[in-house]
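Visitor: I am new to this structure and would like a close look at a single part. Please take me through the place where two domains of one chain meet, and then say what surrounds that part.

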Amino acid sequence: MKIVIVGAGQVGATLAENLARENNDITIVDIDANVLRALQDRLDVRTIVGTGCYPDVLVSAGIEDADMIVAVTRSDEVNIVACQVAYSMFHTPTKIARVRSRNYSNPEYKNKLFNDKHMPVDVMITPEQVVTNYIQKLIEQPGALQVLDFADGVIQLVGLRAVEDGPLVGQRLRAFREHMPNIDARVAAIYRKGGAICPTGETVIEDGDEVFFIAAKKNIRKVMSELRRLEKPYRQLVIAGGGNIGFRLSKALEDDYNIKIIEFSDTRAELLSEQLDKTVVLRGSATDQELLLDENIDKTDVFIALTNDDETNIMASLLAKRLGARKVMTLISNPVYADLMQGGEIDIAISPQQSTISSLLAHVRKGDTESVHSLRRGAAEALEFIVHGDEKSSKVVGRAIEDIKSPPGATLAALVREGEVMIAHHDTVIQSGDHVIVFVVDKEKTKAVEKLFSVGFSFF
Amino acid sequence: MHFAIIARVLGMLLIIFSLSMLTPVLVALLYGENTSHTFFIAFAITFLVGLIFWLPSRGSKGELRTRDGFVVTVFFWLVLSSFGSLPLMLSEALQLNFIDALFESISGLTTTGATVIAGLDNLPKSILYYRQQLQWLGGIGIVVIAVAILPMLGVGGMQIYRAETPGPMKDSKLTPRITETANVLFRIYLCLTIACALAYWGAGMSGFDAISHSFSTVSIGGFSTHDASIGFFDNSAIMAICCFFMIIAGLNFALHFHAWHSLRPSMYWADPEARLYLFLLLVGAIITCCYLYYSGTFDRNESIRQGAFQLISIMTTTGFTTSEFHNWPSFLPFFLIFLSFFGACAGSTGGGIKIGRMLILAKQGVREIYRLVHPNALLPIKIRNRTVPTRVVDAIWAFMGVYLAIFYLMVLLLLATGLDYDTAWSATAASLNNLGPGLGAVATNYGDIGGFAKWVLCWGMLLGRLEIFTLLVLFTPTFWRK
């Protein structure tokens, strides 16, 4: 696929890296020649220096025969205009823009403004909102390392670390049924000492394993209780950094949780205090020990560091953990830092790019990929497909799971049929129209899985 | 430095290169010559050494860094030149010693076209074909061919590509992906070669000669299957075809791509480098023809014919000859070889300093004059209304300086071996500019100069082809420091 990416910031660069590895023709446009030079050295992409919404620049980036434009610069307006130019002059089929302002993304205006008559943006992504949702789900499911929604949230994939005190730990997966006769769940993958294990009925879960399982949303907590002692729901949250994400998160959670938010800038803190009703807004530094102690950091359930500076986030989190915070979550943009910190003092490292990329990948992938989630910092993937075709044209329709030749490392974990969740068993037969959720241990296998779910020519 | 990956890439490329020694076998079979075993032995040795490099490191993963790219490129030219000399050394018809075979092989791969062999017309066709093929492979750069055919180098391909591409601006890619870019270049090269061969054939060359000469024309090499070079045919149509394809191959291949892709031939004229190149060719040809005529060397028609051909051949650094230009009035041989320093355009198969660099230098000269008139003016150097980055301008100055320094160092070394000044000067220029024929003792071939002089010229040819810095960087301590 030929893709033009406008903006070589963190989102743009990470997206380019992901897509270039999947054999797409990528051209990146940015105004900063130095950033582009560094990128060109690292990736097999073409780079163009210039303002990404000018027709001339887009032409030299090859927009004329591009399949998609993804505008992810810092400026909403540049992004929207880039999509408009691509649509009006070059009829680019898919146009994705990063739009941060809540005013544009307000549902009331959104549909009137963003359509092919006015501002032709097919997909709007707001990385801040994506990250906010991601953190929100983690807070709603205490103990989970990662929570992903499928089929509009009916079904969830949860990653967690198994702990000795869970009743199922040390037992075979087969015992799942006996423990919970009424609940259907499926373990999609187990990571032990960095390597992936494809689970069978005989696999024994050990202490410290990272387990990914899939279940209906309402059953998630019960399944989790089998794998580790259930944690009390969180109550007390301290958020460090009142930027875009910090603010959105407080706004979304302040009705159900006691939130304190620490913000360094006077003006921003003032603004926050005006816009937030129940949240306590504190002006100060998140790395100030006295401030944290005064605010009862030792009684805090979760400390969430969300400033736009990685080092500050890491330092503040380490300090909060030392002072007695039960859990710390840390926003880390630099993937190298994220690898360094994960699994140490910091309970959960949140990579903003990874979650943003996931929401973009679904649009880039071929066929009827409904959603794509990157897991374990991009090594694994969970995909949701909509199945089409009939027994002749499709390789999966009308076949039981055990008869489908899925590539090694891929697990067909669950399906949703007419809104109802069905956990996949060896004799489950797939029908046309099902949403199938597939867990891929190794991202390299994604192509093969996509091929499996694509429809043969006889369908058309 | 990732030695395992370097070994894997080198081994792989060597295995591919070994396959190119099998095509002469076909030629030998076709003409019923008894040279097949020579090529088979050379093939087996090259293949096995490639395998020895490749097998232990085949599983190594990871990507080539910038430094590895330099090592691979330089080592590959060195290793390839050495192995490329095998068939020449083993051949009974040639009876070449090691340095002569190496000289011939390097001269072929760097598209220089200087030869140590006299009596080409009596050699087996398979060996003649092999020499031409060496030039063809070296013309576009064996690495580009490898990248085009095998998408195995990943991002590292860019590092190698950059180290091998001639010209001042090395970052421009024609298409987003390096494999695709290399592929495009390769296809242009192939099309030009086929067109050239057909044209030669139509103009009366035998099939064998047409293919052989198309290889050395499009690669701006200059090897011929006859001692008298293109002069052997004594055919105006062949000379015209040869001129046309030398000019085309001396243009930037990126320009060919853009012009053909958008079907706008006017793009050639819009490019300042191409314009200067064509302008210099025209002016040079006029001077040469007039001088030939007024000095009474040839009559009018012959002056135009010989003058234009010889100028194009020397300035594009091809090195075909149709008459003994070293015996022309002494202004002309020096004038022609001087023009070979300008060479062809950046991104072409030609040698020399490249027109693009000369253009930027000239603009800088003009800028200094402007500055005297307008001391406060800001005067960036622009090509096609785009400012040339200061880094590029700096790099060009350094390149010029080092080029001249190396040039005179080589002249001195050759003088030290006892050669006369004409020979030393022209032989150095001919090797560093990848030109081929020189003056004095090396006017027809390089067989008579000493072994040490040949070594010096071998390095000169490699330095010229790799544009000096790529090769020199390996001899700096910084490069090897951990």
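Guide: What follows goes from the domains to their contact, and then to the cores and the chain contact. The model is a predicted one. In chain A, the domain assignment gives domain 1 (2-125), domain 2 (147-227), domain 3 (236-352) and domain 4 (355-459). The part to look at is the contact between domain 2 and domain 4 of chain A, whose centres, taken over C-alpha atoms, are 20 Å apart. Domain 2 of chain A brings 18 residues to this contact, and domain 4 of chain A brings 20 residues. On the domain 2 side, the elements that give two or more residues are β7 (144-150), β8 (155-161), β9 (185-192) and β11 (210-216) of chain A. Of these, β9(A) gives the most, with five residues. By class, that side of domain 2 has 15 nonpolar residues, one polar and two charged.

Now to the cores. The largest nonpolar core holds 144 residues, and Ala16(A), Ile69(A) and Val438(A) have the most contacts inside it. Leaving out residues up to four places away in sequence, Val438(A) touches Leu383(A), Phe385(A), Ala410(A), Thr411(A), Leu412(A), Ala413(A) and Val449(A). A second core, separate and of 132 residues, includes Ile5(B), Phe76(B), Ala114(B) and Ala346(B).

Last, the contact between chains. Ten residues of chain A meet ten residues of chain B. On the chain A side, β2 (25-30) and α2 (33-42) each supply at least two residues. That side divides into three nonpolar, two polar and five charged residues.

Methods. Residues numbered from 1 in each chain as written. Chains lettered and ligands numbered in written order. Predicted model: local features only at pLDDT ≥ 70, side-chain atom pairs only at ≥ 80, totals over all residues. Core = buried A, V, L, I, M, F, W, Y, C linked by C-beta atoms within 7 Å. Buried ≥ 20, exposed ≤ 12 C-beta atoms within 10 Å, placed from the backbone. Contact = placed C-beta atoms within 7 Å. Domains from an automatic or database assignment. Helix = DSSP H or I, 4+ residues; strand = E, 2+ residues; numbered from the N terminus. Nonpolar A, V, L, I, M, F, W, Y, C, P; charged D, E, K, R; others polar.
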